[in-house]
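Trainee: Could we go through this model together, with each term set against its definition before we use it?

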Amino acid sequence: MAGKVESSAFLAQKKPVFRELLGELLSRYAYASILATDVEAKNYAVSRAGIRIAEDRTFGKRGFTARVFYGDGYLEYSGSDLTKEDIPGVLQHFAQELEKQSDKYTVYATPEAADEEASFIASTEYETDPRVLGDEAIVEKLSAVREKTLSEQEGLLECQTRYQFQVYHKLFLSRSRDLEQNVMHGSCAVVCLARRGEEIKDGYHSDSVLGGAELLDHLALCAREAMEAAKASLAAEPLVPGEYDCICTPPVTGMIVHEAFGHGVEMDMFVKDRAQARSFMGKQVASELVTMKDGAATDYQDVASYFFDDEGNLASDTVVIDKGILVSGISDGLSAARLGTRPTGNGRRESVDHKAYTRMTNTFFLAGTSKPEEMIAGVENGLLLDCPSSGMEDPKNWGIQCMVSFGREIRDGKLTGRVFGPIVLTGYVPDLLKSISMVSDTVEHNGAGACGKGWKEWVKVSDGGPWIRARIRLG
Amino acid sequence: MEQIEQMISILKKSGLDAWRLTSTRTRAAELYFIKDKLDMPRFRDMSELCAEVFRDFEEDGKKYRGSTRIFIEPGMTPEEIEKKIRDAAYAASFVKNPWYPLPEKTVSERVASDSDLAKMTLQEAASAAADTLLEASGDETAFINSAEIFVRRLDVRILDSEGTDVAYGLDRLSGEFVAQCTSPADVEQFRQFSFARADMAALKAKLEEGIRDAWLRAQAKEAPKAGKYDIILTGENVRTLLEFYEQRSASAMIYPQYSDWKAGDAVQGDVTDGEKLNIALMPTRPFSDEGIPMWPRPLMEEGTLLTIHGGARFASYLEIEPTGEYEKLALDCGTKPLADLRRPGTLEAVSFSDFQMDPMDGHFGGELRLGLLRGEHGKMTALSGGSINGSILASQGRLIFSRERCEDSTYEGPLAVLIPDVTVAGE
């Protein structure tokens, strides 16, 4: 059942119409491009609430966006369908509405987009196509893991099992570019719930893949981890606020990489003077043990891997921090044009009808040389932080807000069995990153979650890294 | 034939046990600004046709109703649609949920949007908001750094196999902005807005408040000292706090036993030094996603739960009336002037990175972006950093609300709440 994701018949059929619109736009504007998408995505869930199978449009839908260069800037029009008969209406909307709206204001001057020649069709691979595996088999797998987990752990209120997949096809056309990509990715998660008086405590574990339903083989492991996490949350005591020596598990490292630092190097924030990172280029921002990467074309393939971004720029593998020194940001095409840099292939849209912003893809710290066991053994009095629950960026002031469900107490190099939580990590990002004194020799990454820009514009991302030891202010 | 009519015809002939069809057309004008310059104007015109397909079956004498949700894509042929419905019906047979009825039939003429936004073109409304934004741009030190303006016009029609056929229009002005202050420290404040009307005065007030808060944050030199504080939350953070009551009273939480609340329970517990909660569910659209007519309903009265709310499936299981899903809460309490809440020693949490309430365990908290510590004789110190970590279960009997009120598209009620003895992590 292994294979490569096939092209979309819909996009193939519509391509001549998109080409015709592109031709008309290029006869009126110096630059024009069209991004067209076709998406198939499904969510599955089994819980006490019942069974759910539903198609999903959270991270994409069928449609197109036309972008043109006009005056000193750009205009965009998005629609869900395009027929030959629709083309005059789209052209009229550009001329009579969007141009007029642009003319009313002083436009942020932006150079015309570079449009270097490129043409290819690329697809990702999978081992098991979830569409072939079928709804019945997927629900059976989710149900089986759920039932086994509930039967093994007495007192567990709930074990929710979830799986989702997305197959997307994107076509990008401009004067010099004709690109097509076909991508399949998926994620699974288990949430275990346990009651303590009026409180319901949860434990969560997830996994993701650039691929297909082969991921469901990881579900049982997710369930075991989620069950352990729920038990830990249930035993958690309130933490006395203060600064602690912390060992962060890879998921917590991933949250720090993504939320605390990654958002700060999104270069549309540089354009708006909203990121402190801009003034730290070439300077030390982290311990020399830290090297950080982001890219849709990195070695760590996950849910945010692709071949070109939503502005037709090719995916890349960007070193952001090199041995503690900030060496590069990541950027969408328009921000790169405004800053005079090369786009890094990070221009992403929540869906075809949304604006493109600079967004992270697969973001992580590279491995070090320490073993997790020796890292814990070296802590006299501290916490092993696990189970990230949420995080929020602050690129302007590099404040940290990350939350974890719990931390396990470490005394004299050993886990004592005491658990504290929930815990809020705060402080100044470079202080935390510079305090990193040990980095493990293994890296894990995960793309089950989604990333927002502020409180909206959700896109699939992955993050991760090694175990790290750092000094962190906790509350 | 329009795709929706074609779809209705196919669904009627499909032999399904039940179906629901929702057609949504969204047109939106969007303006993006960087400082006082236009970053980009955008327009979108998106149509979506979503079908819920139901299949009934019996096992061991028990009736089940399975369902799946599918989207009918633009450009699909009748043959493709028929195949997709057949596949969905087959998938529904693996969804072994206890049987439940669809909501009672509702038929209505299209309910037009009653917003004054509906009288304007999308571009006119977006321009009016942009003009308000540019007028309120502050001074050289404190100003609007960037903004996004969205004017959305929705046309929704909901039909089902029981004969429900309702439609409505909806207009919304929403967006976000960042206020920046460059001296004595270079800081920013992020704000969102959402209005059901073309309320430019409210937008102007929100912009000015954002600029003022950015200025205040620029004065903040340190984080609060770690300890216990009486905290004041304001505006949208009061709304977030109420999510605890909103979500624990949802049938989707009660049926799977994530919440054990029942109508008539004194869910606020013992109210000792605080105010008893009176909360109403307020409609923001004439019909729910299932076509259920929506009107104001009491959620809690004097701290007692009156209504369990939600859609048809869980309502049927719990043998209660389906209400549809509400997005707006109205809180009817607040006896003290805000000035009285701002007593010496209180920490007013003006803004967070991301203030969160976990309805499962009742914990709330977030990293403080701007806090105002009240001192004696009206003295006030701006603080930034540190975090708040509290429990509504520990605090709900001692909540005191302000007499001053505020309103947006998801909340109307007291502007502020005082929560005693909350743990703050800081210096």
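**Terms and the values behind them**

Trainee: How many residue pairs are in polar contact between chain B and chain A?

Mentor: The count is 45 residue pairs, with both residues at pLDDT 80 or more. A polar contact is a pair of N or O atoms within 3.5 Å; within protein, one atom must be able to donate a hydrogen and the other to accept it, and residues adjacent in sequence count only if both atoms are side-chain atoms. This is a predicted model, where local features need pLDDT of at least 70 and side-chain atom pairs count only at pLDDT 80 or more, while totals for chains, interfaces and linings use all residues. Residues are numbered from 1 along each chain as its sequence is written, chains are lettered from A and ligands numbered from 1 in the order in which they are written, and side-chain values use heavy atoms, with hydrogens and water left out.

Trainee: Which part of chain B gives the largest share of the side that touches chain A?

Mentor: Strand 2 (residues 37-59) of chain B does, with 12 residues. Strands (E, at least two residues) and helices (H or I, at least four) are DSSP runs, numbered from the N terminus.

Trainee: What classes of residue make up the side of chain B that touches chain A?

Mentor: That side of chain B has 33 nonpolar, 21 polar and 27 charged residues. Ala, Val, Leu, Ile, Met, Phe, Trp, Tyr, Cys and Pro count as nonpolar, Asp, Glu, Lys and Arg as charged, and the others, Gly among them, as polar.

Trainee: How many residues does each chain bring to the contact, and how much area is buried?

Mentor: With contact meaning heavy atoms within 4.5 Å, chain B gives 81 residues and chain A gives 78 residues. The two chains bury about 7000 Å² between them, 50% of it on carbon and sulfur atoms, where buried area is the accessible area (1.4 Å probe) that two parts lose on being put together, summed over both.

Trainee: Why is the pair of A:Lys396 and B:Asp186 called a salt bridge?

Mentor: A salt bridge needs a side-chain nitrogen of Lys or Arg within 4 Å of a carboxyl oxygen of Asp or Glu. In this pair the closest N and O atoms are 3.0 Å apart, so the distance meets the definition. The count between chain B and chain A is 14 salt bridges, and a search of the whole structure finds 75 over all chains.

Trainee: What does the salt bridge of A:Lys61 and A:Asp353 tie together?

Mentor: Here N and O are 3.4 Å apart. A:Lys61 lies in the loop between strand 3 (50-55) and strand 4 (63-70) of chain A, and A:Asp353 in the loop between strand 15 (347-348) and strand 16 (357-358) of chain A, so the pair ties together parts that are 292 residues apart in sequence.

Trainee: How do you know that strand 5 (residues 73-79) of chain A and strand 2 of chain B pair?

Mentor: Two strands pair if DSSP finds at least two bridges between them. These strands have four bridges, in the parallel sense, so they pair by that rule. A:Gly79, for one, stands opposite B:Asp45 in strand 2 of chain B.

Trainee: What makes strand 14 and strand 23 (444-446) of chain A edge strands?

Mentor: The open sheet of six strands in chain A has the order 14-13-12-17-26-23, with mixed pairing. Strand 14 and strand 23 each have a single partner strand, so one side of each is left without a neighbour in the sheet.

Trainee: Why are the rings of A:Tyr31 and A:Tyr74 called edge-to-face?

Mentor: The whole structure has 33 aromatic pairs over all chains. Rings of Phe, Tyr and Trp (its six-membered ring) pair if their centres lie within 6.5 Å, and planes under 30 degrees apart count as stacked, over 60 as edge-to-face and the rest as tilted. The centres of A:Tyr31 and A:Tyr74 are 6.2 Å apart and their planes stand at 80°, so the pair is edge-to-face.
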